[in-house]
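Visitor: Hi, I just opened this one and I'm new to it. Can you walk me through what's here?

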Amino acid sequence: MKEALSVTQSEQVRLSLELQRDRHLQQQRLIKMSRKQTKLKEKVLVSLITDCTSPTALQSPPLGWKAAKDDKTRLEEQSTAIADLWKLVAVLLLENKRLLEEHEKLKAENASLKRDLYEEHQSPPASLDQPSPLGMKLLHVPPDLQQEIQLLLKTANDS
């Protein structure tokens, strides 16, 4: 990259190469920092494991750790968690049912729109078969615009 920087004549290319070099150096620094953090975490984990397996650690919980819970407390927490999960399941089932119904409605609406579009393209517009009052055949024009054009021509002819 240094060689490319020294040979380039274009200012934009030189700036682009410098930005790429800077970004590359930044990425290398981030990788080194990440490796250092990983090694540090491994050391802390190993020291925690060795501290926890020492005979004194087995007698009392380390500072900052919670004391062991008794079975009754665990059972109460688990039953509360299970009840909350059942409520969540019920809510999700109702939401799923609502979404399935909405999906079916949207599928029916989509099919209806496709059918209408298909029928519209299958039957040739009446204006192509019938000459207009000006003696020309009209190009394919949507039905609502055809009616508006016919009405305008009729009012123009009446006046």
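**Salt bridges and surface patches**

Guide: Sure. Let's begin with a pair of charged residues: Arg14 and Glu11 join their side chains in a salt bridge, at 2.4 Å from N to O. Keep in mind that this is a predicted model.

Visitor: Where do Arg14 and Glu11 lie?

Guide: Both are in helix H2, which covers residues 11-53. They sit 3 residues apart, about one turn of the helix.

Visitor: And is Arg14 buried, partly exposed or exposed?

Guide: Arg14 has a relative accessible area of 26%, so it counts as partly exposed. Glu11 is partly exposed too, because its relative accessibility is 46%; the band for that label runs between 20% and 50%.

Visitor: OK. How many salt bridges does the count come to?

Guide: The count comes to 8 salt bridges. One of them links the side chains of Arg21 and Asp22, at 3.3 Å from N to O.

Visitor: How exposed are Arg21 and Asp22?

Guide: Arg21 is at 30% relative accessibility, which makes it partly exposed. Asp22 is partly exposed as well, with 38%.

Visitor: Got another pair for me?

Guide: Try Arg74 and Asp71, whose side chains form a salt bridge at 3.3 Å, N to O.

Visitor: Why are Arg74 and Asp71 about one helical turn apart?

Guide: Because they are 3 residues apart in helix H4. As for exposure, Arg74 is partly exposed at 39%, while Asp71 counts as exposed because its relative accessibility is 56%, and the cut-off for exposed is over 50%.

Visitor: Which residues do shared salt-bridge partners join into one network?

Guide: Glu11, Arg14 and Glu18 are joined into one network that way. Two of those names came up earlier, since Arg14 and Glu11 are the pair with the 2.4 Å salt bridge.

Visitor: Let's zoom out. How many helices and strands are there?

Guide: The chain has 6 helices and 0 strands. Going along the sequence, the pattern reads α-α-α-α-α-α.

Visitor: What share of the chain is buried?

Guide: Buried residues account for 7% of the 159 residues. The chain exposes about 14,600 Å², and 61% of that comes from carbon and sulfur atoms.

Visitor: What about contacts between residues at least 24 apart in sequence?

Guide: Take the contacts in the chain between residues at least 6 apart in sequence: 3% of them join residues at least 24 apart.

Visitor: Back to the surface. Which residues gather in a patch of positive charge?

Guide: That patch brings together Lys32, Arg35, Lys36, Lys39 and Lys43.

Visitor: Pick one, say Lys39. Where is Lys39 found, and is it buried or exposed?

Guide: Lys39 is found in helix H2, the helix that also holds Arg14 and Glu11. It counts as exposed because its relative accessibility is 55%.

Visitor: And which residues make the nonpolar surface patch?

Guide: Ile82, Trp86, Val89 and Leu93 make that patch, which is about 440 Å².

Visitor: Where does Ile82 fit in?

Guide: Ile82 has its place in helix H4, residues 71-122. Arg74 and Asp71, from the salt bridge we talked about, are in helix H4 too.

Visitor: How exposed is Ile82?

Guide: Ile82 is at 48% relative accessibility, so it counts as partly exposed. The label "exposed" needs over 50%.

Methods
Residues numbered from 1 in each chain as written. Predicted model: local features only at pLDDT ≥ 70, side-chain atom pairs only at ≥ 80, totals over all residues. Heavy atoms only, no water. Patch = residues over 30% accessible without salt bridge, like charges linked within 9 Å, V, L, I, M, F, W, Y side chains within 5 Å. Areas by Shrake-Rupley, 256 points an atom, 1.4 Å probe, with all protein chains shown as cover. Salt bridge = Lys/Arg side-chain N within 4 Å of Asp/Glu carboxyl O. Helix = DSSP H or I, 4+ residues; strand = E, 2+ residues; numbered from the N terminus. Buried < 20%, exposed > 50% of the residue type's maximum accessible area, 1.4 Å probe, protein only. Contact = heavy atoms within 4.5 Å. Lys, Arg positive; Asp, Glu negative; His and termini not counted. Charge placed at Lys NZ, Arg CZ, Asp CG, Glu CD.
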